[in-house]
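Please look over the sequence and the three-dimensional model shown below before reading on. The report that follows starts from one part of the fold and then moves outward to its surroundings.

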Amino acid sequence: MKILAIESSCDETAVAVLEVNGQNYKVLANLVSSQINIHKKYGGIVPEVAARKHVENIIPLLEEAKITASDIDIIGVVNGPGLVTSLIVGLETAKTLSLLWQKPLVPVNHIKAHIQANWLKGDSGSLQNILFPAISLIVSGGHTSLVSLSDKCKFKVVGETRDDAVGEAFDKVAKLLDLGYPGGPIVSQKAINGDPHKYKLPRPMIDAKNFEFSFSGLKTAVRYEIDKIKTIDDQVIQDMSASFQQAAIEVLIKKTIKATQKYKAKSVLLGGGVSANNELRLQLEKAVDELDGVKFYQPDLELTTDNALMVAISAYFEYSENKAKYVNAWKKVKVNPNLEI
Ligand code: KG4
Ligand code: ZN
C-alpha cells in the first residue's frame, strides 16, 4: 500500500510518500518546507503568514514528490490539532486530490502521528514490534502529555500540562535570554557547555500524585533569576539554559517512569518536537533501561519535529483498522484546531 501524506498544522508544510508491505516499509518521499526563517523576524509564528506560505508551498512540494494517481492507494492528512487556517490548506488540498483521484481520505490526529512515528526506523526497514501496554511522553510546542496505548490506535491521555507546554517553555526561556526563535534547538545547544546545577530552579509538580505537568512557573523562575543578574554574558546564558533544561527534563522523566510503573507498560515511546533534545533522549533512555523488561523507543531525529512521514504511518494504521470508514470521507472531514486524542 502506498500512502500520500500531507501535514500543514503549524509552520512546516510537509509531504511524504510511504510504501508499506506487511511488516516492511520504504520511504519514497519525505519533504519538509520550513517557514522558520520567515517567523524568526516576528519572534514566533504569525498564523496568517503561516497559512499563506502553506498555500505557496504545498503544490511545489507535491510536484517534487513526483506522485500520480496511479501511484497512490490512500491519502492521509492532519486535520488537527493546530492553527485553523494552516490546517485548512492541507485538508483542502488532500480533499481535492481524494475527489479527483477517487482515493480514500484518512484524517490524522497530529499528536497521535507524533507517537506513531516510533514504528519507523530509517528510510527502509521493518515496522518496529512495539509491545503493549505502552506509555508515550508527548513533548511539543503545543502539548505535554502522558498517553497510554493498549494498541497502535488505542490511546488514552493519563495526564497533561495545566498551562504551558514544555516546548513553549523552551521558546519563552530563549526569548528571555534573547536567543531568537524557535528556542528549543538554541537553548539545548547553549546548554551543552553550561552547568545544569548553577541556578536553583523548581521542578514543578514533580512529586504530585498525578501525571499532570506545569511549566509556566519554571519559566517565571528563570525570569526572576535573570532579573537578579547584572550582565547576561555567554557563560550565564549557557548555565541558565542547562539549569532550565535539566529542571524540565527531570520532571518529564520522573512522571514518565511513574506512569510506566503504574500502567505496567512494556514500552515507552517518546515523541514531539522536544524529543529532538539530546539530553532528554539520553536521560530518559537511561531511566527506562533501569526498569526491568521495558523497552525504550524514540523517533529518528528527522521525525521528531513536524513531518508528513509520521502522518503517513498514522493514516496507514487507522485505515487498516476500518477501511470502509474512509471511502468517501472527503465529503465530511473538517479541521478541528482543538482535536483531542
Ligand atoms: O512537534 P513540533 O515540531 O511542533 C508542534 O507540534 O508544536 O514541536 C516544536 C517545539 C518547539 O517548541 C521547539 O522549540 C521544540 O519543539 N524543540 C526543541 C528542540 N527542537 C525543537 N526543544 C528542546 N530541544 C530541542 N532540541
Ligand atoms: Zn508537532
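## A strand enclosed by its surroundings

In this predicted model, strand 8 is largely enclosed by the rest of the structure, because six of its eight residues are buried. A residue is called buried here when its relative accessible area is under 20%.

What encloses this strand can be followed through its partners. Strands of a sheet pair through backbone hydrogen bonds, and the pairing is either parallel or antiparallel. Strand 7, which covers residues 134-139, runs antiparallel to strand 8, which covers residues 144-151, and six bridges join the two. Within this pairing, L137 has L146 of strand 8 as its bridge partner, while I135 stands opposite S148 of strand 8. Along the chain, strand 7 is joined to strand 8 by a hairpin of four residues.

Strand 8 also pairs with strand 9, again in the antiparallel sense and over six bridges. Here D151 has K154 of strand 9 as its bridge partner, and the hairpin that leads from strand 8 to strand 9 passes through two residues.

## The sheet and its helices

These strands belong to an open sheet of five strands, which has mixed pairing and the order 9-8-7-10-11. At its edges are strand 9 (154-160) and strand 11 (295-297), each of which pairs on one side only. From one strand to the next, the twist averages 20 degrees.

Two helices lie across strands of this sheet, as the table sets out.

| Helix | Residues | Lies across | Angle |
|---|---|---|---|
| Helix 8 | 234-262 | strand 7, strand 8 and strand 10 (267-271) | about 160 degrees to strand 7 |
| Helix 9 | 278-289 | strand 7, strand 10 and strand 11 | about 165 degrees to strand 11 |

Strand 8 is thus one of the strands that helix 8 lies across.

## Two domains

How is the chain divided into domains? Domain 1 takes in residues 2-122 + 303-331, and domain 2 takes in residues 134-299. The centres of the two domains, taken over C-alpha atoms, are separated by 27 Å, and the contact takes 23 residues from domain 1 and 22 residues from domain 2.

Between them, domain 1 and domain 2 bury about 1,900 Å², and 70% of this area is on carbon and sulfur atoms. On the side of domain 1, I115, N118 and T304 supply 33% of the area that is buried against domain 2, which is more than any other three residues supply.

## The zinc site

Which residues are the protein donors of the zinc ion (ligand 2)? They are H110, through NE2, H114, also through NE2, and D306, through OD, and they lie 2.1 Å from the ion. In sequence, these donor residues follow the spacing H-x3-H-x191-D.

Both H110 and H114 lie in helix 4 (residues 110-116), where they are four residues apart, about one turn of the helix. Are these two histidines buried or exposed? H110 has a relative accessible area of 7%, so it counts as buried, and H114 is buried as well, because its relative accessible area is 0%.

Technical notes: Residues numbered from 1 in each chain as written. Chains lettered and ligands numbered in written order. Predicted model: local features only at pLDDT ≥ 70, side-chain atom pairs only at ≥ 80, totals over all residues. Heavy atoms only, no water. Pairing = 2+ DSSP bridges. Axes fitted to C-alpha atoms, helices over the stretch in contact; angles between N-to-C directions. Contact = heavy atoms within 4.5 Å. Buried < 20%, exposed > 50% of the residue type's maximum accessible area, 1.4 Å probe, protein only. Donors = N, O, S within 2.8 Å, 3.2 Å for Na, K, Ca; no water. Domains from an automatic or database assignment. Buried area = accessible area lost by both parts, 1.4 Å probe.
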